[in-house]
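Colleague: I would like to go through this model with you, starting with how the chains meet. Please give the reasoning before each value.

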Protein chains: 2
Amino acid sequence: MDIVLASNNRGKLREIVGLFEKYNILLPSDLGIEYSYEEVGNTLLENAFGKATHLYRLLLEAGVEKAVLADDSGLFVEALGGEPGVRSARYGATDGKKLSDRERNEYLLERLKGKSNRKAYFLCCMVLVRGEDRFIIVQEKFEGKIIDSPRGSGGFGYDPLFYVPELNKTVAELPEEEKNKISHRARAAKVILRALNAP
Amino acid sequence: MDIVLASNNRGKLREIVGLFEKYNILLPSDLGIEYSYEEVGNTLLENAFGKATHLYRLLLEAGVEKAVLADDSGLFVEALGGEPGVRSARYGATDGKKLSDRERNEYLLERLKGKSNRKAYFLCCMVLVRGEDRFIIVQEKFEGKIIDSPRGSGGFGYDPLFYVPELNKTVAELPEEEKNKISHRARAAKVILRALNAP
């Protein structure tokens with residue numbers, strides 16, 4: 001079965017291909033579709049659902065009937081009232097100019113200075129549109145703590161600051177295979193795969 | 001596993017108990033919780049998600065941590081631009097006074113007079129909140145046609161007018177067991193059960 005990913009990001013494609021091994025994952029550009037979407041929703045659900053249904057309609061208009069997958073993820077830090085949350089990718093941006101991953105992590109640590117509560121979690125909301133008006137949506141959680149300085153070189157985004165007590169490692173210190181077993185995105189993907197009856 | 005149904009309707013309870021056989025389905029009142037929710041969303045998803053998360057929060061406030069299930073369903077008729085849709089239960093209501101099932105079916109037939117396109121479908125959006133910020137949402141579809149006069153005495157709502165060509169019967173002519181295999185609600189429940197790894 002083909003699944004078109006509502007993204008133009010080759011990095012995300014690679015991660016999704018690893019999670020959905022038995023499916024043929026395509027990007028919109030593979031089908032000659034120009035796709036873009038502005039993530040302005042107030043929740044991960046709004047953004048992920050908006051991305052998926054927008055691409056599904058674009059494909060239908062082009063005469064292509066295929067399943068579409070989208071996700072939106074965010075880091076929620078308790079001491080910051082859930083920040084950066086749904087705005088995780090744009091956290092600390094000024095004048096619409098995004099920070100680099102490294103700058104964004106520095107910005108987060110700055111905001112957390114002096115705060116002893118370091119509890120945080122990642123959420124991933126993943127949407128699979130299977131047909132007109134038919135969809136599966138799963139939101140999953142991955143709990144951890146924000147440490148004081150980055151550790152590890154794997155992953156991306158907030159991974160070097162996100163410490164998993166049970167493993168005594170940050171996500172950036174985990175081999176990709178291990179991250180793909182326990183991350184918020186992996187957990188959401190697993191539930192969708194079970195729902196599709198293809199574990 | 002206990003699941004609390006976001007509904008006060010004993011009829012819906014009975015149907016959900018039939019679909020989720022291996023689970024212990026409770027009503028909010030079984031836990032001493034007073035629950036009500038006004039379905040004012042523009043989509044089935046908004047209503048079903050609103051119902052489920054509202055009850056989940058009420059339960060948490062009462063110190064109860066249990067999974068919550070909610071659904072919203074509607075009949076969508078092609079020749080009426082998708083009416084009655086998300087307003088299916090209140091279709092034809094005046095001054096907030098709902099019609100009876102029989103009156104509502106007569107109202108629908110009135111609106112369809114002279115229209116030869118009788119294609120229609122039921123949609124069910126079902127939401128299971130499994131924990132804080134963790135949920136599964138499934139929307140499924142059941143296609144058929146609206147016939148000219150009611151047939152059968154089973155089911156409820158639009159069932160006597162909803163004809164399933166493959167079975168040469170209306171939904172109201174189906175035994176409850178058979179309806180519980182093919183209805184929009186049954187299809188959504190099946191996907192959720194698979195996602196929970198408990199087929």
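Colleague: What is the area buried between chain B and chain A?
Modeller: The model is predicted, and its interface totals use all residues. In the contact between the chains, 21 residues of chain B touch 21 residues of chain A. Carbon and sulfur atoms give 50% of the area buried there, which is about 1,800 Å².

Colleague: How many salt bridges does the rule find across the interface of chain B and chain A?
Modeller: The rule needs a side-chain nitrogen of Lys or Arg within 4 Å of a carboxyl oxygen of Asp or Glu. E140(B) and R134(A) form a salt bridge, with their closest N and O atoms 2.9 Å apart. Across the interface of chain B and chain A, the number of salt bridges found is 6.

Colleague: Which element of chain B gives the largest share of the side that touches chain A?
Modeller: The rule also finds 15 residue pairs in polar contact across the interface. On the side of chain B that touches chain A, at least two residues each come from helix 2 (44-61), strand 5 (119-131), strand 6 (134-146) and helix 5 (184-195) of chain B. The largest share, 8 residues, is supplied by strand 6 of chain B.

Colleague: How many residues of that side of chain B are nonpolar, polar and charged?
Modeller: The side of chain B in question is the one that touches chain A, and strand 6 of chain B has the largest share of it. Its residues divide into 7 charged, 2 polar and 12 nonpolar.

Colleague: Which residue of strand 6 of chain B is the bridge partner of F135(A)?
Modeller: Strand 6 (residues 134-146) of chain A and strand 6 of chain B run antiparallel and are joined by 5 bridges. In strand 6 of chain B, the partner of F135(A) is Q139(B).

Colleague: What relation do chain B and chain A have?
Modeller: A turn of 180 degrees with a shift of 0.0 Å along the axis lays chain B on chain A, at an RMSD of 0.0 Å. That is therefore the relation of a two-fold axis.

Colleague: Why do the copies meet through the same surface, and which residue of chain B comes closest to the rotation axis?
Modeller: The interface residues of chain B are, at 100%, also interface residues in chain A, so the copies meet through the same surface. Of the residues of chain B, the one with its C-alpha closest to the rotation axis, at 2.0 Å, is A195(B).

Colleague: How far apart in sequence are the parts that R14(A) and E176(A) tie together?
Modeller: The side chains of R14(A) and E176(A) meet in a salt bridge, 2.8 Å from N to O. R14(A) lies in helix 1 (residues 10-19) of chain A and E176(A) in helix 4 (residues 176-182) of chain A, so the pair ties together parts whose separation in sequence is 162 residues.

Colleague: Where in chain A is D133(A), and what is its phi?
Modeller: D133(A) is in the loop between strand 5 (119-131) and strand 6 of chain A. Most residues other than glycine have a negative phi. D133(A) is a residue other than glycine with a positive phi, near 65 degrees.

Colleague: What is omega for the peptide bond that joins E83(A) and P84(A)?
Modeller: P84(A) is in strand 4 (residues 84-85) of chain A. The bond from E83(A) to P84(A) is cis, with omega about -10 degrees.

Terms used: Residues are numbered from 1 along each chain as its sequence is written. Chains are lettered from A and ligands numbered from 1 in the order in which they are written. This is a predicted model: local features need pLDDT of at least 70, side-chain atom pairs count only at pLDDT 80 or more; totals for chains, interfaces and linings use all residues. Side-chain values use heavy atoms; hydrogens and water are left out. Contact means heavy atoms within 4.5 Å. Buried area is the accessible area (1.4 Å probe) that two parts lose on being put together, summed over both. A polar contact is a pair of N or O atoms within 3.5 Å; within protein, one must be able to donate a hydrogen and the other to accept it, and residues adjacent in sequence count only if both atoms are side-chain atoms. Helices (H or I, at least four residues) and strands (E, at least two) are DSSP runs, numbered from the N terminus. Ala, Val, Leu, Ile, Met, Phe, Trp, Tyr, Cys and Pro count as nonpolar, Asp, Glu, Lys and Arg as charged, and the others, Gly among them, as polar. Two strands pair if DSSP finds at least two bridges between them. Copies are superposed by least squares on the C-alpha atoms of residues with pLDDT of at least 70 in both.
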